[in-house]
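Please open the model in your viewer and keep the selection panel at hand. The tour below moves from one selection to the next.

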Amino acid sequence: GLRRGLRSRREGAPCLSTWLCCEGSCLNPWRSPSRGRGVSRMSQAGPRIKHRVSYFHDAEAGQFYLGPSHPMKPHRVQLAHQIILGYELHNKMVCFRPHKASDAEMKKFHTEEYVDFLLTINPDNMNDNIMSQRMKEHNVGFVGQYDCPVFDGIFPFCQLQAGGSLDGAAKLIDGSADIAINWSGGLHHAKRNEASGFCYINDAVLAILEMLKFFPRVLYIDIDVHHGDGVEEAFYLTDRVMCVSFHKYDGNFFPQTGDIVENGEGKGKFYSINVPMNDGIDDDSYEQMFKPIIRAVMGTYDPKAVLLQCGADSLAGDRLGVFNLSVKAHGECVAFVKSFNIP
């Protein structure tokens with residue numbers, strides 16, 4: 001069940017490498033992404049190729065503030081962007097400013113009442129009696145009392161996160177990119193009618209729904225230290241999306257889901273794969289589990305597109321994480337998934 005108050009959640013922003021997948025060059029001017037349809041792509045593992053990478057970033061995404069005691073620090077997205085510029089990695093990608101997702105786009109997964117609530121709630125009206133009741137219904141509250149507090153600019157914050165993932169999905173669909181990256185994406189805990197675990201809008205679900213318009217099967221991989229419960233729940237009854245989550249699980253660690261026996265229902269039976277792990281797992285042990293499992297999934301499920309959520313809280317030293325992984329291990333996971341040459 002949901003637990004009120006700050007839980008063992010992530011310290012910082014999650015990432016769409018919440019890989020969608022993408023292209024290559026220019027920083028200025030930032031381009032406005034086209035959102036068309038296109039041709040199918042390679043889906044078989046093959047020799048290493050030069051991938052076209054699309055990268056989505058808006059400086060505004062790093063300007064939001066959830067409160068002094070809140071572990072989620074959106075400004076770290078901007079810090080990551082500065083590192084990308086410092087190493088001149090932007091020269092190896094095509095850089096775009098994402099569109100701000102509309103309320104109509106968010107309602108393709110989330111309920112109309114919940115999206116309208118996010119659109120209207122703000123620090124000035126949160127003490128209103130009616131709004132206070134709606135806050136409880138949607139698991140949103142005061143800083144220091146809830147994982148998902150009300151803060152200034154909550155809806156534009158959600159718009160940018162969701163917009164980057166939707167634009168990334170569009171790039172994969174129209175064939176203009178092999179890999180798409182939304183560094184502020186991957187908000188995998190948000191449910192259809194409520195916020196959860198620092199996540200208000202589930203951009204990963206929205207992106208997958210968009211990809212399902214074109215790709216017959218989508219694979220979702222999650223290497224966040226927390227179980228990707230929101231995404232799994234959204235696709236628990238279908239065989240068109242396979243969810244594979246590598247995470248800490250002991251029955252108490254947030255979100256208290258992700259046991260190995262949770263594997264889907266109905267048409268989705270055995271299309272959810274949970275890999276529970278113990279505290280302190282290191283690079284070698286993680287890779288020894290990740291690679292054989294993903295290799296088997298690729299060979300059996302034959303996905304036509306992949307969304308990879310790379311939650312940074314599984315790295316060693318994270319304020320809320322319990323794993324002992326290095327950036328090299330995360331990179332190895334990404335490189336392994338890329339080796340299959342699937343969008």
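Select D302, just after helix 8, where the residue takes a positive phi of about 55 degrees; helices (H or I, at least four residues) and strands (E, at least two) are DSSP runs, numbered from the N terminus. This is a predicted model, in which local features need pLDDT of at least 70, side-chain atom pairs count only at pLDDT 80 or more, and totals for chains, interfaces and linings use all residues. Residues are numbered from 1 along each chain as its sequence is written, and side-chain values use heavy atoms, with hydrogens and water left out.

With D302 still selected, add K304, whose side chain meets that of D302 in a salt bridge (3.0 Å, N to O); the term stands for a side-chain nitrogen of Lys or Arg within 4 Å of a carboxyl oxygen of Asp or Glu. D302 is partly exposed, at a relative accessible area of 23%, where buried means under 20%, exposed over 50% and partly exposed in between (1.4 Å probe, protein chains only).

Next, select helix 8, residues 283-301, and colour D283, Y286, E287, F290, I294, V297, M298 and Y301, which are buried. Viewed down the helix axis, these buried residues fall within an arc of 115 degrees, so they line one face of helix 8; the arc is that of the directions from the helix axis to the C-beta atoms. The face turned away from the buried side carries the exposed residues D284, Q288, G299 and T300.

Finally, select K291 and E332, which form a salt bridge with their closest N and O atoms 2.7 Å apart. This pair links distant parts of the chain, K291 in helix 8 and E332 in helix 9, 41 residues apart.

Methods
Expected span 1.5 Å × (residues − 1).
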